[in-house]
Amino acid sequence: MKKSKINVPSIGFVSLGCPKAASDAEQILTRLRAEGYKISGSYQGADLVVVNTCGFIDAAVEESLDAIGEAMAENGKVIVTGCLGAKKDAAGNDIVRTAHPNVLAVTGPHALQEVMEAVHTHLPPLHDPFVDLVPAQGIRLTPDHYAYLKISEGCNHRCSFCIIPSLRGDLVSRPIGDVLREAEILAEAGVRELLVISQDTSAYGVDTKYRTGFWGGKPVKTRLYDLCEQLGELGLWVRLHYVYPYPNVDDLMPLMAAGKILPYLDIPFQHASPRILKLMKRPASAEKVLERITAWRQVVPDLTIRSTFITGFPGETEAEFNALLDFLDEAQLDRVGAFAYSPVDGASANDLPEALPESVREERKATLLRHQEDISTQRLERKIGHRIKVLVDEIDEDGAIARSEGDAPDIDGLVYIVDGHHLAVGDFAEVTVTDCDVHDLYATLQ
Ligand code: SF4
C-alpha cells in the first residue's frame, strides 16, 4: 500500500503518581486516541509532550519537576497536568511555572477538558471527514454524562478513499478486560451514556482470534457480542458507532430488544451500487443490506439506523446515483449524512478514472440530502404522541434540551422539552413527543 505523506499528530505521554493519576492519564489517553492522535513512546518522535505529575511528597515533586525538565530539554513543547500543577510554594507561586516558565500550559488533576483544550490549541487534530466521528467544526468536549469508549485502533480494510489504515495500521483490539474496566470507571464517574467507537466496531476481536480475557473473575471473549452483553450490565445507554453489516451484527438484535444496548446502529454504508462499492473496496459490500435491515427491524421495531454516503465517487453514473436514491427509499434510514467525494492525499481512489467535476459531486450531495429529508421527517413523525425516554444534555431559558435513544450527540437530532426547566443535565426523563421537524423532536413531560 502507498504510504501517506500525512503526518499524524503525535503526543509523548509521561505519567507519574498514584492510581487516581493513572485513571486521569487513562482518560486523557483514551480521548487523545479517540481523536486520532498517535501516542509516542519517546520525546523525540513526538510533536508535543504531556506530563501527568504527582505532588504528594517532596520526592514526588522532585521527580515530577525532573520529568518536566527532561521533556522540555528533549522536546520543548510540554503541557503539564496532575496534582503538582495545582500546587503553590510557600510564597504562593505556582511551583511548575516557577521552575519551568516556558511550558505551554499547566492544569491541576482531573482536568481532562483543560488538557484537551491545550492540546487542540498547540497541536490540532487531523480531520478525515469520511471516517471521523467528531465534526470538522471542532471537538465539543464531552460533558460528564457521556463518554466515548474506543475499543480498537486501526483497520484491516483498505477502502480506496481512506488513508486510515496507512496512518494507524491494521486492527488492534483492546483487551476486553481493559475496555470493561474503563467503562466501569466511567460509569462510577457519573457517565450515563457510552459511545462505542473504533474504525470497524463489528470486527472487534478478530485480530485476537476472539481471545478470552477476564472481567469480574469470569472469562469473557474479546468479541462484540460479549462486549455488548457485559456493557449492558452497567445500566447505561450503550450506543454503537461504525458498525459494518457483517452477519455477527444480527446477534446484537436480541440485546437491543432486551434493552441491554440502545436500539441504534451507525453504519457507514457510503453507497448502494455494487459496482461503486467494489471500487470503494468497502467491507461487507456483498451483504444483502436491505434484507438485513428488514430482519433487524422485525426483531427491534424501533431500531434507529444512521448512515453516511459519498456522492460523486469517480465513475459514478447518473443511473448509479439514482440507484442510491432508490436504496434510500427502500431502506428508510432514520438519519443520513452525505459527503461530496473529495480526494484525500495518499488514497488509492485518486488513481481511479472518470473523476467527476466538483459541481456534480456537490449537486448530487444536495439532491441526496433533499431526497432523504422527507424520509427522515416521516420516521420522526411516527414518534408523535408516543412516550419516549430521553437523556438531558442542556438546560436553557426555553426548557431542557435532550436526546432520545435514537440520537447520538453532535451528529443526530435533539429533543426540546418545553416544560423541562427543572430537569438537570445528565437526568433521564420520560416525555411525550408533540411535534417534529426534519431533525428534532419537541416534547413535554406530561
Ligand atoms: S473500514 Fe474503510 S473507511 Fe473505515 S477505516 Fe477501514 S479502510 Fe477506512
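The exercises below work through a predicted model, each with a stepwise solution.

**Exercise 1. The ligand shell**

Task: Find which residues come nearest to the ligand, and how the shell divides by residue class.

Solution:
- Step 1. Eleven residues surround the ligand.
- Step 2. Of these, Cys155, Cys159, Cys162, Tyr244 and Arg282 come nearest.
- Step 3. Sort the shell by class: eight residues are nonpolar, two are polar and one is charged.
- Step 4. Check the record. An unreviewed UniProt entry lists Cys155, Cys159 and Cys162 under "binding site".

**Exercise 2. Two cysteines in a loop**

Task: Place Cys159 and Cys162 in the fold. Are they buried or exposed?

Solution:
- Step 1. Cys159 sits in the loop between β7 (152-153) and α5 (164-168).
- Step 2. Cys162 is also in the loop between β7 and α5.
- Step 3. Apply the cut-off: buried means under 20% relative accessible area.
- Step 4. Cys159 has a relative accessible area of 10%, so it is buried.
- Step 5. Cys162 stands at 15% relative accessibility, so it is buried too.
- Step 6. List the contacts of Cys159, skipping residues up to four places away in sequence. They are Met280, Lys281, Arg282 and Pro283.

**Exercise 3. Strand β9 and its partners**

Task: Explain why β9 counts as largely enclosed, then name the strands that pair with it.

Solution:
- Step 1. Strand β9 covers residues 193-197.
- Step 2. Five of its five residues are buried, so the rest of the structure largely encloses β9.
- Step 3. Recall the rule for a regular strand: side chains alternate between the two faces of the sheet.
- Step 4. Split β9 by face. Glu193, Leu195 and Ile197 lie on one side, Leu194 and Val196 on the other, and both faces are covered.
- Step 5. Take the first partner. Strand β6 (residues 146-150) runs parallel to β9 and is joined to it by five bridges. Here Leu149 stands opposite Val196.
- Step 6. Take the next partner. Strand β12 (residues 237-240) is parallel to β9, with four bridges between them. Leu194 has Val238 as its bridge partner in β12.

**Exercise 4. Ile417**

Task: Describe where Ile417 lies and what it contacts.

Solution:
- Step 1. Ile417 belongs to strand β18 (residues 415-417).
- Step 2. Its relative accessible area is 0%, so Ile417 is buried.
- Step 3. Leave aside neighbours within four places in sequence. The contacts of Ile417 then include Val390, Asp398, Leu423, Val431 and Leu445.
- Step 4. Compare with Ile95. The C-alpha atoms of Ile417 and Ile95 are 47 Å apart, and the two residues are 322 residues apart in sequence.

Note on methods
Residues are numbered from 1 along each chain as its sequence is written. This is a predicted model: local features need pLDDT of at least 70, side-chain atom pairs count only at pLDDT 80 or more; totals for chains, interfaces and linings use all residues. Side-chain values use heavy atoms; hydrogens and water are left out. A residue is near a molecule or strand if one of its heavy atoms lies within 4 Å of it. Ala, Val, Leu, Ile, Met, Phe, Trp, Tyr, Cys and Pro count as nonpolar, Asp, Glu, Lys and Arg as charged, and the others, Gly among them, as polar. Buried means under 20% relative accessible area, exposed over 50%, partly exposed in between (1.4 Å probe, protein chains only). Contact means heavy atoms within 4.5 Å. UniProt positions are given in the numbering used here, feature names are shortened, and annotations may be inferred rather than shown by experiment. Two strands pair if DSSP finds at least two bridges between them.
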